[in-house]
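Open the structure in your viewer and keep the selection tool at hand. We will go from stop to stop.

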Amino acid sequence: MLPTKPKYFASSHPCLDSEDDDRPDVWVLGLLGCFFQTFELAAFQSPVPRWLIALISDTGMRLSEAAGLAREDIVLDADIPHVIIRPHPWRRLKTKGSERILPLVGASLWAAKRASEASQHSPYLFPLYCNAKGCKANSASAALNKWLKQ
């Protein structure tokens, strides 16, 4: 048996305005369309949230680790591009075992290249969330949540 459209989508979701169509393929496609519209709109906004999400999703690093990266932690010219996770004066690591080297592949490689190019005049990969006084991982988390909910 196919699932039916959840009742709360009928009136409250902007991508689904048809009350009488309960076919799952229609409401799933409507939600997917809304998802892709969000990414199209994001092209006109700051790319930093996209870079952070791509970086943490393909590497498994913590958001605080990504937000507190130095530009020198990104090594793109090696045989295997990678990111070095290490403590910095502005951001400590959760545990001693958190120090590691992670390969950059797929979306994380794309994000690392873009972020590195964009932050050429700063020692920090994400200067919006990091400076000599500290790393603002909570601000990065709030910004990502806000961006994802748009």
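The tour visits the strands, the core, one helix and a pair of cysteines. Keep in mind that this is a predicted model.

**Stop 1: the strands**

Select residues 82-85, which form strand β2. Show the side chains. H82 and I84 point one way, while V83 and I85 point the other way. All four are buried.

Now add residues 74-75, strand β1. β1 and β2 run antiparallel and are joined by two bridges. A hairpin of six residues links β1 to β2. Look across from V83 in β2: I74 stands opposite.

Next, add residues 100-103, strand β3. Four bridges join β3 to β2, and this pair also runs antiparallel. Stay on V83: its bridge partner in β3 is L102.

**Stop 2: the core**

Which residues of the largest nonpolar core touch the most other members? Select L52, L55, M61, L69, V83 and F126. The core holds 25 residues in total. The elements that give two or more residues to this core are α3 (48-59), α4 (63-67), β2, α5 (106-118) and α6 (137-149). The largest share, five residues, comes from α3.

Zoom in on M61. Leaving out residues up to four places away in sequence, M61 touches L55, I56, A66, L69, V83, I85, R100 and L102. Two of these names are familiar from the strands: V83 and L102 are bridge partners.

**Stop 3: helix α6**

Select residues 137-149, helix α6. α6 has 13 residues. From its first C-alpha to its last it reaches 18 Å, close to the 18 Å expected at 1.5 Å a residue.

Colour A137, A140, L144 and W147, the buried residues of α6. Why do they lie on the same side of α6? They cover an arc of only 85° around the axis, which puts them there. An α-helix has 3.6 residues a turn, so residues three or four places apart point the same way.

Then turn to the face of α6 directed away from the buried side. Here are the exposed residues N138, K146 and K149.

**Stop 4: two cysteines**

Select C130 and C135. How many disulfides does the structure hold? Zero. The sulfur of C130 has its closest cysteine sulfur in C135, 4.7 Å away, which is too far for a bond. A disulfide here would need the sulfur atoms within 2.5 Å.

Compare their surroundings. C130 counts as buried because its relative accessibility is 1%. C135, at 21% relative accessibility, counts as partly exposed.

Terms used:
Residues numbered from 1 in each chain as written. Predicted model: local features only at pLDDT ≥ 70, side-chain atom pairs only at ≥ 80, totals over all residues. Heavy atoms only, no water. Buried < 20%, exposed > 50% of the residue type's maximum accessible area, 1.4 Å probe, protein only. Pairing = 2+ DSSP bridges. Core = buried A, V, L, I, M, F, W, Y, C linked by side-chain atoms within 4.5 Å. Contact = heavy atoms within 4.5 Å. Expected span 1.5 Å × (residues − 1). Arc of directions from axis to C-beta.
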